[in-house]
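Student: I would like to learn how to read some features of a structure. Please take them in turn.

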Amino acid sequence: MNVPIARIVSTLAVAAMATACGGSYYEIPLDTPIRPKLDVSGFERILVAGFISGGSEEVDGNVETTRLLRSQLRSQSDMRVVDTDVLPLVEVATESRATSDPTADGEGPALPEAILEDADLELYEHLFADVEYWQRIGEEYQQPLIVTGTVMFAPQERSGIIQRDQEIYDSLGRRSVVPVRTYMERKGFVLKPRFVFIDGRTGAVLYSENFREEVLYNANQASPALSSYFELMDRLLPSFLSTLSTQTIKGTRVLLQ
Amino acid sequence: MTILGCPMFNRTTRLLVLLCVLGTLGVAPVAADARDDAKQQVEFGIEVAQRGLWREAIYRWERATQIDPTYAAAHNNLAIAYEQDRDLDKARAAYERALELEPGNVFITQNFELFREINERTNRENS
C-alpha cells in the first residue's frame with residue numbers, strides 16, 4: 001500500500017521541481033515567410049533577358065548569370081520562365097545610343113570595347129531606361145516581367161594584416177587557441193551585379209537592386225574563376241529570389257507549458 | 001526494514017498526500033484553479049501545434065490567456081502562433097506581455113530576439 005503512495009509523492013515532487021524550474025518546454029520548427037519585395041501578381045511569365053557584363057574574361061557574366069537565374073526561377077517562382085536566346089544587350093545599347101543621339105560622335109564618352117571597370121558599365125545604363133525597346137521585347141514575349149541589369153565579376157588582390165586562430169600546446173601538452181596577426185597576400189574575386197526588373201507591358205523599370213560579394217583566398221591557392229563566380233552568386237541568390245517570391249526562413253521557437 | 005516501512009516516512013507521506021488533496025479540494029487560492037484550467041488549454045495547444053494545426057493552437061492559447069492573463073507561457077506560445085500566422089503586431093504584443101510577466105525567462109527572451117531579428121530583416125527588405 002505504501003509503494004503506490006510513495007510513487008505518487010515522488011511524481012508530485014518531480015512535477016513541482018519542473019514547475020519551479022520553469023515547466024516543460026518543446027522546441028518547434030517555425031517557417032517564417034518573407035513577403036516578396038515586388039508585387040508580381042500581374043505577370044504570368046518572366047524573361048531573364050541578359051546582362052551587360054564585364055571584368056574577368058574567364059567567366060561570361062551575361063551567359064552564366066542568365067542561365068543560373070533562369071534555372072533558379074524555374075524551381076523557385078510561380079511564373080513561367082521564358083526560354084529564349086540571351087539578348088545581345090551590348091549591341092542593343094550601342095545601337096540605341098547612336099539612334100538616340102546621332103550627333104554625339106566625339107561629344108560624350110564612347111562605349112568601351114571591353115568592359116573592365118564599374119565606370120565602363122555605367123555608360124550602358126541608358127539601355128535600361130529605353131522604354132520603347134523593352135516594350136517591344138515585352139510584346140514579343142507576351143508581356144513578361146523582364147529581368148536584366150549589369151554584372152561585374154572581376155579578379156582582385158589584397159594584402160595586409162589579418163587575424164587568424166592558431167593552436168598552441170604548453171609544456172604539459174595542453175591545447176589552446178590564440179589569435180595571431182600575420183601579413184598575407186590574398187587574391188580572389190568580387191561580384192557586383194545590378195538586377196533591373198522591367199514591366200514588359202509598359203517598358204518601365206519597376207525596381208532595381210545592387211549587390212556586392214567578394215571572396216579572397218591565399219595567394220598560393222588556385223581557385224577557378226567559374227567556381228568563385230558560383231560561390232558568390234550562391235550567397236546573393238536568396239536575396240534576388242526574395243524580390244519575386246515569398247521566401248521562407250526556417251527556424252525554431254520554444255513552446256512553454 | 002525498508003524505508004517505506006519506516007513510521008516516520010509514512011507520516012511524512014500521509015501529510016504530503018493530505019496537502020495535495022486539500023489543494024485539489026479548493027483550499028488553494030482561486031488563482032491556482034485558473035492556472036490549472038489555462039494550463040490544460042496550453043497543453044492542448046502544444047499538442048495541436050506540434051501537428052501543424054496552428055489555428056486551433058491560437059484558439060487554445062487565446063483561451064488560456066483569457067482564463068489566466070498572468071500566464072507567461074500562454075502569451076509566449078500565442079506569440080509564436082501569431083508569428084507563424086504572420087500577424088506580426090499581435091506576435092510582438094504577446095511576446096512583450098510574456099516578458100513583462102517573466103522578465104528573466106531565457107526561452108521567452110530567445111524567442112523574442114529571433115522574432116525581432118527576422119521582423120527587422122523583413123522590414124529592411126521591404127523599405
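Student: At the start of α2(A), which residue has a side-chain oxygen that reaches to the backbone nitrogen of Asn62(A)?

Tutor: First, the ground rules: this is a predicted model, where local features need pLDDT of at least 70 and side-chain atom pairs count only at pLDDT 80 or more, while totals for chains, interfaces and linings use all residues. Residues are numbered from 1 along each chain as its sequence is written, chains are lettered from A and ligands numbered from 1 in the order in which they are written, and side-chain values use heavy atoms, without hydrogens and water. A polar contact is a pair of N or O atoms within 3.5 Å; within protein, one must be able to donate a hydrogen and the other to accept it, and residues adjacent in sequence count only if both atoms are side-chain atoms. Here the residue is Asp60(A), whose side-chain oxygen comes to within 3.1 Å of that nitrogen.

Student: What span should the 16 residues of helix α2 of chain A have?

Tutor: Helices (H or I, at least four residues) and strands (E, at least two) are DSSP runs, numbered from the N terminus. The expected span of a helix is 1.5 Å times one less than its number of residues. For α2 (residues 61–76) of chain A that gives 22 Å, and the end C-alpha atoms are 21 Å apart, which agrees.

Student: Which residues of α2(A) are buried, and what do they pack against?

Tutor: Buried means under 20% relative accessible area, exposed over 50%, and partly exposed in between (1.4 Å probe, protein chains only). The buried residues of α2(A) include Leu68(A), Leu69(A) and Leu73(A). Contact means heavy atoms within 4.5 Å. The buried residues of α2(A) pack against β2, β3, β4, β5 and α6 of chain A.

Student: Where does α6(A) bend?

Tutor: The bend at a residue is the angle between axes fitted to the seven residues ending there and the seven starting there. In α6(A) the bend is about 40° at Leu236(A), with Pro238(A) following within four residues. The 20 residues of α6(A) should span 28 Å, and its end C-alpha atoms are 28 Å apart. Among the buried residues of α6(A) are Tyr229(A), Leu236(A) and Phe240(A).

Student: How many aromatic pairs are there over all chains?

Tutor: Rings of Phe, Tyr and Trp (its six-membered ring) pair if their centres lie within 6.5 Å; planes under 30 degrees apart count as stacked, over 60 as edge-to-face and the rest as tilted. The count comes to 14 over all chains. One of them is the edge-to-face pair of Tyr133(A) and Trp134(A), at 4.9 Å centre to centre and 70° between the planes. Both Tyr133(A) and Trp134(A) are buried. Tyr229(A) and Phe230(A) also pair edge-to-face, at 5.2 Å and 75°. Tyr229(A) has a relative accessible area of 0%, so it is buried, whereas Phe230(A), at 27%, is partly exposed.

Student: Is Asn105(B) buried or exposed?

Tutor: Asn105(B) is buried, because its relative accessible area is 11%. Asn105(B) lies in the loop between α5 and α6 of chain B. Its side chain makes a polar contact with the side chain of Glu102(B) at 2.8 Å, and a polar atom of that Asn105(B) side chain lies 3.2 Å from the backbone nitrogen of Ile108(B). Leaving aside neighbours within four places in sequence, Asn105(B) is in contact with Leu256(A) and Leu99(B).
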